[in-house]
Every structure is written in C-alpha cells, then in structure tokens.
Amino acid sequence: MPHPPLPAPDSYLPTHGDVRFAARHYGLTLDYRVATNHLVGTAVITAEALTDLNEIALDLYNLHVSRVRVGGRPVKYAQRGSRLIVRTSQQHGARFEIDVAYAGKPRPMPGAHGRAGWEELTDGVLVGSQPHGAPSWFPCNDRPSNKAPFAITVTTEAGYHVAAGGVLKERHTRSGRTTWTYAHDEPTATYLATVQIGQYAVRPVPAPVPVAIVAPAGLDVGAGSAFARQGEMVAAFISRFGPYPFATYTAVVTDDPLEIPLEAQALSSFGRNHAAPAWANERLVAHELAHQWFGNALTAADWRDIWLHEGFACYAEWLWSEAAGGQPASEHAADHYSRLALPPRGHTLTDPGLRAMFDDWVYKRGALTVHTLRQAVGDASFFAILRTWVAARSGGNVSTEAFLAHIEAYLGRPVPELRPWLFERDLPPLGQ
C-alpha cells in the first residue's frame, strides 16, 4: 500500500521544518546562567516517521550539539548552518525518540522580519519566536503544521521567576539555584513554546480560569493599568469564542520596554510601556489574549494563512471595546476602513507574501473580513460559527479553505460576501 502524501513545506519558511517526520512530544531540560547568558540543554523528542527514513533534519541555530542518540543509541549527526542532520533508519509509521545534548549562548535567529527567539533583557530573558525563532533555544521540527505537547524544566539562579506555557508541576531550590518544571499537554506549535525569566512577582487575577500577571514587584499592573480588566476580558471572550482552550493564562510584563507584545501558548509577554492606562495598550492586552483561541488553539497550517490569526485577534479588540462599553465594532470597522485607503496590492489576504505577513494591512483587512461575515449572517449565527469553529479544530491546524467549508456546513450555504475580501487584491466596499 502506498504511503499517504507528505505535507508540503511551509510557503513562506520552506527551509524550516522537515516534512518527512512529525514531532509528537518535546521534553526540554535547560540549565541557564543569567549573568553569562549560557544555556546547557537536553531535548528529548518523540517523533513519528511519515515516510521511510535514513535521516531527518532538526532546526537549531547558534548552539553546539555534543551528542545525539536515537532510541538510546549514539548516531551520526552533522550541523550545517541552522540544521542538525541526524542519521537514522526508520520505517514509515515508526515512533522513535531523539535525544540531543547541546549548549552555548543563545541569541535571536535572523529572518525576513528581523531577529526572533531567545532574547536577553536587562535582567533576564524573553522568548518570542514568531515566526522563525524557536531554533534559537531548542532543536525542533520548526513548521506550524507540526504541533506537539511540551514538558519544560528550567534551572536558573534563585531569585528569578521562570514562566512558561503550561502548568507549573514542581519547583525546588538547591544550592542557590531553582528548578521549575512545566507541562503543557495541549499540542503546541514550536514558535509558541516559550520561557520567560526575570525578577518578577506573581499577581493572581480573578477570572473563570486560572489567570496571573507576572511583573516586576514595583510595576503597577492592577487597577488603573491596561491590565485592570484582564479577568473580564477572559470572561468576555469565553462567552463569544467558547471555553478557554488551555489550563492557565499568564501575562508576563518585562521590566524593559518592548516595541510590540508577543503571544505564546497560554502566555503573552508585554513591555512595561504596555501597562500604562490607555486604549492603545488595553487593545493589545485583548489582542494577545484572543490569540489563545485564534493562532494558538487553532494554528494556520501554512504561514500564508496568517490572517486567521491576526484578523481574528484584531477583531477581538473591537469586540472587547463593545463589551467594555466603548465604541461598537461597526465604528472601529468604519474608522479603519477609511484609514486603510488601500491601493491595489500584489497579493491577496490569503497570500500576502513573506515580507507583508505582519503588515497592518493583513491585521485590519483580516478584521474587516471577520466583520463582513458578522454583517452577512447576523450576531447569533456569527458567534455560533466562531464557537463551533474553535470547538471543532482546537489543538489542530486550520486553513482559509477549511474555515469557508465550516461556515458553509453550519449555514447550509456559502457566504459570497467574503470572497472579495479573501481572494481579490483591491479593497471591497465595506458592507458587501
């Protein structure tokens, strides 16, 4: 019987990831020295062969590998640029375990949008890997179409707080160093795995699920800050999108200013500049939270469909504005439509191109596309579509075609008003 076809490499990052195998679990054990930015790591990857194999390629940047074992036995390997080539003979469908020991001074990985990944702060670490930075701190199959659970153990100096996506299972201190162990059982894209290290205090937030804000002790992230209504946001989005998809949610606020906040799975990171009370910051708090549903629970299988992340998260800002007693979404839509004044683009929303994938054009046109769906079907059907879309696909990968098919299956008919927004270059009239 012939093997099923392999998935295609990512359209925008074809040199990342290996479609010949799938990671099914990552176990990371990290020892980190803050003062010297030195990392010693072991990655144990449970993998499945998607075809007959004689080698696989893992993504790893600027870190030196000292040992690779497969199934407990040493194997030959070679580091070529940001790829770790591992020799292993496996038959299609076989499960096998890869054990990689590595070390070095991690730094962000360069790419078309700048550097991403493991980044030193003034006193600590921030990991924000979207879209290509995961190889800066662990060997991985770095493609968004391969999601897997994670277990992450980090040992660093006592006095530093370590936050990671998932549930804190254990913490103990010995000889002036503290070990933190997190488990994240839900499938996670590699770029959404994270570790945050700093001298932080933890502030629990009343919410329908366990929520905490992790920030420097002297920074105000309570009443009067942009995070004042974090718990209410969680409740509002649960009512609109369905159950929160993970066990916990953490907002980490670094002591350094950041240009933009960054989402990871079950965690978002912000700069101290984002805590100031202003709609410009509050909307970002809502935006990153919304990514837990759109982008994290549901992850585009290919980066060209990033509007399914950013368009929905941007629209969630407008939904929060409505819920909080501010401008309705229709006013935000009209305002941003007039401000876009788009000339014809070289690409469509469903394929904006690598260079433009994080442009405001994608975010706002994506949000206007979501608003067009709401106008076309009415609120009852619109929110039911969102809730059933998340419920049906949580933990998996999505595409524009799958979203359109879901809408049609739910309604029993297509919504033709969406097609110009998705597949034409020119900006359609608002309301059609």
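Helices α1 and α2 cross in a right-handed fashion, where right-handed means that the near helix is turned clockwise from the far one by less than a right angle, and left-handed that it is turned anticlockwise. This is a predicted model, with local features needing pLDDT of at least 70 and side-chain atom pairs counting only at pLDDT 80 or more, while totals for chains, interfaces and linings use all residues. Residues are numbered from 1 along each chain as its sequence is written, and side-chain values use heavy atoms, with hydrogens and water left out.

Back to the first helix pair: α1 covers residues 230–241, and its axis comes within 10 Å of that of α2, at roughly 45°. (Axes are lines fitted to C-alpha atoms, for helices over the stretch in contact, and angles run from 0 to 180 degrees between N-to-C directions.) That makes α1 oblique to α2; under 35 degrees would count as roughly parallel, over 145 as roughly antiparallel and 65 to 115 as roughly perpendicular, with the rest oblique. Helices here are DSSP runs of H or I with at least four residues, strands are E runs of at least two, and both are numbered from the N terminus. On the α1 side, Gln230, Met233, Val234, Phe237 and Phe241 meet Glu282, Val285, Ala286, Leu289 and Ala290 of α2, contact being heavy atoms within 4.5 Å. Sorted by class, that makes eight nonpolar, one polar and one charged (Ala, Val, Leu, Ile, Met, Phe, Trp, Tyr, Cys and Pro are nonpolar, Asp, Glu, Lys and Arg charged, and the others, Gly among them, polar).

Helix α5 (residues 360–377) turns up in two more pairs. With α4 (residues 329–340), the angle is about 135° and the axes are 10 Å apart, so α4 and α5 are oblique to each other. Here the crossing is left-handed. From α4 come Ala329, Ser330, Ala333, His336, Tyr337 and Leu340, and from α5 Lys364, Arg365, Leu368, His371 and Arg374. This contact is a mix of five nonpolar, three polar and three charged residues.

With α6 (residues 379–393), the axis of α5 comes within 6 Å and the two cross at roughly 130°; α5 and α6 are therefore oblique too, in a right-handed crossing. Val370, Leu373, Arg374 and Val377 of α5 touch Asp379, Ser381, Phe382, Phe383 and Ile385 of α6. The tally is six nonpolar, one polar and two charged.

As for open space, the largest pocket holds about 800 Å³. (On a 1 Å grid over the protein atoms alone, a pocket is an open set of points where a 1.4 Å probe fits, with protein on both sides within 12 Å along at least five of seven lines; lining residues have an atom within 4 Å of a point.) Of its 31 lining residues, Gln130, Ile260, Pro261, Leu262 and Tyr363 are the closest to the centre. Strand β10 gives the largest share of this lining, five residues, and α2, α3 and α5 are among the elements giving two or more. The lining splits into 12 nonpolar, nine polar and 10 charged residues.

The second largest pocket has about 240 Å³ of space. Its lining counts 16 residues, with Leu168, Tyr182, Val202, Ala212 and Thr250 closest to the centre. Strands β13, β14, β15, β18 and β19 each supply at least two of the lining residues. By class there are 11 nonpolar, four polar and one charged.

Terms used. Grid points are joined across faces, edges and corners, and a volume is the space filled by probe spheres set on the points.
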